Amino acid sequence: MVGYVGSRVLQAIWVLWAAFTISFLVLYALPSDPVSMAADGAGLGTPVDKAAVAQMQARYGLDKPLWEQYLTALGNALTGDLGRSINTGQPVTEAIGDAVPPTVGLAALALLLAVIGGTILAFAATYTQRPWLRNTLSAAPPLGVSVPTFWTGLLLLQLFSFRLHWFPAFGGTGLRGTLLPALTLALPIGAVLAQVLAAGLEQTWRQPFTDVALAKGASRWWVQRRHIARLASVPAFTIAGVLVGTMLAGSVVVESVFARAGVGRLTQTSVLNQDIPVVQGVVLLSALIFVGVNLAVDLLYPLLDPRITGTRRTRSARTRVDSTASGVTSVATTSTDAAKAARDA
Amino acid sequence: MIRSRHRLAAAVGALAAVATVVGCGSDSGGSGGQAGPPQPGGTLRYGLSQAPTCSDPAQAASNQTIYVARQIVDSLTDQDPETGAITPWLAKSWQVSPDAKVFTFELADGVTFSDGTALTADSVRDTFDATVKLGGAKAALAVSYLTNYVGTTAVDKLTARVEFSQPNAQFLQATSTPQLGILAQSTNAEPAEARCAGDNIGSGPFTYTSWKQDSSATLAKRVGYTWGSAVFGHQGEAYLDKIEFTVVPESGVRTGSLASGQLDAISDALPQDAPQIEATGGRVLSTSNPGTPFGFQLNVTRGPLRDQAVRQALLPALDRKQLVDTVLGPQFKYATGSLASATPAYLDQSARLAYDPAKAEAALDQAGWLPGADGIRTKNGERLSFSVTFSQVFAGNQAILELTQQQLRQIGVDLKLDLVSGPESTAKMNTKDYDSFYGNSTRADGDILRTSFALTGRNLSARGPIPALDEALDKQLATNDPAARAELLATVQKLVLDNGLYLPTIELSQAIGVAGHTQDVKFEASARLQFFDTWLSGH
């Protein structure tokens, strides 16, 4: 287990370093110079003062050779210093620190709504035996994924904020201010979840043990709840990383539409202004989140499904036996579940 | 838009007469007369279209930043939006030396900053010294106004003498801008970055109470404020208790929030939003920006644009009225000169810019550019084709340029659109890597022509010396007499078109959406907002 965790942590560190280096190279290879841009004061027609630009480049260390800038930036990053925003002068860590809590609140509520909505939808679609209802419900996830987040947000605002005055249209905080943006963000995520979960449920329903359980007199609902849901949730859990990505991308749009402060807005404005230190900070943050989520998923898998570490571990025969006992192969799972179903029923 | 922005009280009248400032604003904040007398109190909730970049007036460049920062700082002088005249504010009076190098200001007595310290001649010196120290990279506008600054002397407690090594006639108007607003020592002593965090101390009618970068800013009324500018509509304290600025980037959300009563006023109301705003009793206030209108700065060193005859022929080739009518709507004006009509010293060159495709074609024929097989003119195998580099700083740019492209096509000119991002646009501007560059600049002084066209200025046309133009540009900077200065600026405006340096299209307008109960939101001379007279009815 220690080796497994160690290799995953090393891999995470490697990914972070790669994200830092690649973003550094890409950002510094861009055609324009962020300092002249900032010095231009938004293109107001004044000639850029060369001495002032040189002074500011010196302040940001942009006059040094690229390798030196890289090493300095890497060294600083390791000590938690990501530099200052070229546009606002705010320390990058502070700008990001201010932006993270509202986005986390938004994302957490969105994830909650998505999990609830996605689960209900997937359950309903696979549980019902009416073909027309099943078809309608199955068509919902692709629709949810394909509707532009931007449009959903405006539509919700139009109805619930501008017309009904139930929720604030912009800058909202607390549950009331976060509900509409979270709902907007939850839609595509919930749709993806529903799709994956429904596929998993569908597949599990076709396993023979369900017939055994049903034959024993268990109700469909009972079987779905007690056996199928747990098995089908594994693939849904696997896509957590993808969902985090969708959420970060979605926050750029949602936070702009709902005028919320957050990581998405920070990303958008700093990319527009080519505020390299902030952009790089955001890239690092995203990498950190991805790595963190994937690491967490990797470390949690064994708890959900012991087969996953079981296949990696070769040293201890005993643990292998242990995991076999809890069902290393699909057949084993099915049979234990079937046995359980038979017993419970 | 993102960008943007004279002398003895006795000379003010003369300037006003010459300056021909065309009516600033078709509907600048009129209360309609039915609202009754102004009621003090209440909070104005304002929706900004972009995040202010910094709370420091000296470092403010974008309109949205200025809308906020302007309210906390007073300037030495003010500029009358109707006449363009420079009027007293913190300075009761001033003298300018005949060579326009020395400016002496007599400050009003009893003015204090919001931290309780008194305004003195030292404050003026410290403010200008600190501004120069901020540097052009942080305070581009302010530093450009202080070019050749030697220093400020406190002659006595309330007399400040500002000296320049070269004539600097534009400086007087510059003292009316927020960028040169007078700040307290506690702000002047801070480094550039710290001055962006929302604790700047000025003597203005409002003070900062909170600043959340990229999200919001709140201002509170300065109690005991009695030194308002003569341009203000009333004296004493501001009417509003508070102003809450919130950044609402999406225009549909700004409009919806205004119409549903969640905001009292918003920036950048789009033409298509006007019906929704008006349907709920609101209005869209608009005013034309002074400065240079939108237009093409033609790079005289590249392609067919090297030929002055071609550059000249383009002037009558554009149907500017159609550009405005088709793309922008009634609150916009088409360009009628190399300066926008709201700029003091503006010269009406509409005859020269009148739409006359036959004249354009004849000129091109005569210069040897004859239509080829595909309708595009050629000369010695070179096609009459050039590109225009632009960015989406103004939402209408793309549509305007597409229509321009069609209009030019009709006389056999091939225009290629080169849309670039903001950063790329700056990079290209700095290296002059384009055939023509599309943009505008806002400033309520004709000196913007020097900034844009002088050899030492931006010079996006990449021109070499043109003695008559260079001389007029220098001389206007050394001329205090408004009439004489306007004459020199008129020469500049003519020479800019004569040499085909600029192909003007439309004038930029500000469009501010206000709710029915929001009264007297006013534009100052540079088309930026002033909330001192603003009040809310029935709150």
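Student: What area is buried between domain 1 of chain B and domain 2 of chain B?

Tutor: Keep in mind that this is a predicted model. Chain B is split into domain 1 (43-287 + 511-536) and domain 2 (291-507), and their C-alpha centres sit 31 Å apart. Carbon and sulfur atoms give 52% of the area buried between domain 1 of chain B and domain 2 of chain B, and that area is about 1,300 Å².

Student: Which three residues supply the most of the area that domain 1 of chain B buries against domain 2 of chain B?

Tutor: The contact pairs 20 residues of domain 1 of chain B with 15 residues of domain 2 of chain B. On the domain 1 side, one trio gives 33% of the buried area, more than any other three residues. Those are Ala169(B), Gln170(B) and Gln173(B).

Student: How many residue pairs are in polar contact across the interface of domain 1 of chain B and domain 2 of chain B?

Tutor: Start with the salt bridges: the rule finds zero of them across the interface of domain 1 of chain B and domain 2 of chain B. For polar contacts there, counting pairs with both residues at pLDDT 80 or more, the number is seven.

Student: And what is the make-up of the side of domain 1 of chain B that touches domain 2 of chain B, by nonpolar, polar and charged residues?

Tutor: On that side of domain 1 of chain B, α5 (171-174) and β12 (283-288) each supply at least two residues. Sorted by class, the residues of domain 1 of chain B that touch domain 2 of chain B come out as eleven nonpolar, eight polar and one charged.

Student: Why does the salt bridge of Asp365(B) with Arg377(B) tie together separate parts of chain B?

Tutor: There are 27 salt bridges over all chains, and in this one the closest N and O atoms are 2.6 Å apart. Asp365(B) lies in helix α12 (residues 357-366) and Arg377(B) in strand β16 (residues 377-379), so the pair links parts whose separation in sequence is twelve residues.

Student: What share of helix and strand does chain B have over residues 86-441?

Tutor: That stretch is the one UniProt lists, in an unreviewed entry, as "domain: Solute-binding protein family". The end C-alpha atoms of residues 86-441 of chain B are 20 Å apart, and the chain there is 27% helix and 26% strand.

Student: Over to chain A. What area is buried between domain 1 of chain A and domain 2 of chain A?

Tutor: The assignment for chain A gives domain 1 (1-79) and domain 2 (92-304). The contact draws on 17 residues from domain 1 of chain A and 14 residues from domain 2 of chain A. Carbon and sulfur atoms give 74% of the area buried between these two domains of chain A, which is about 1,600 Å².

Student: Which residues in domain 1 of chain A lose the most area to domain 2 of chain A?

Tutor: Three residues together make up 31% of what the domain 1 side of chain A buries. They are Arg8(A), Leu16(A) and Leu27(A).

Student: Which element gives the most to the side of domain 1 of chain A that touches domain 2 of chain A?

Tutor: Across this interface of chain A, the rule finds zero salt bridges and two residue pairs in polar contact, both residues at pLDDT 80 or more. Two helices, α1 (2-29) and α2 (34-39) of chain A, each supply at least two residues of the domain 1 side. By class, that side has 14 nonpolar, two polar and one charged residues. The element that gives the most, with 13 residues, is α1(A).

Student: How far apart are the end C-alpha atoms of residues 106-127 of chain A?

Tutor: In an unreviewed entry, UniProt places the feature "transmembrane region" at several spans of chain A, including 106-127 and 180-201. Residues 180-201 of chain A are 100% helix, with end C-alpha atoms 30 Å apart. Residues 106-127 of chain A are 100% helix and 0% strand, and their end C-alpha atoms lie apart by 31 Å.

Student: What percentage of residues 100-301 of chain A is helix?

Tutor: UniProt's annotation "domain: ABC transmembrane type-1", from an unreviewed entry, covers those residues. The span has 0% strand and end C-alpha atoms 27 Å apart, and its helix share is 85%.

Notes. Residues numbered from 1 in each chain as written. Chains lettered and ligands numbered in written order. Predicted model: local features only at pLDDT ≥ 70, side-chain atom pairs only at ≥ 80, totals over all residues. Heavy atoms only, no water. Domains from an automatic or database assignment. Contact = heavy atoms within 4.5 Å. Buried area = accessible area lost by both parts, 1.4 Å probe. Salt bridge = Lys/Arg side-chain N within 4 Å of Asp/Glu carboxyl O. Polar contact = N/O pair within 3.5 Å; in protein donor to acceptor, adjacent residues only side chain to side chain. Helix = DSSP H or I, 4+ residues; strand = E, 2+ residues; numbered from the N terminus. Nonpolar A, V, L, I, M, F, W, Y, C, P; charged D, E, K, R; others polar. UniProt positions renumbered as here; feature names shortened; annotations may be inferred.
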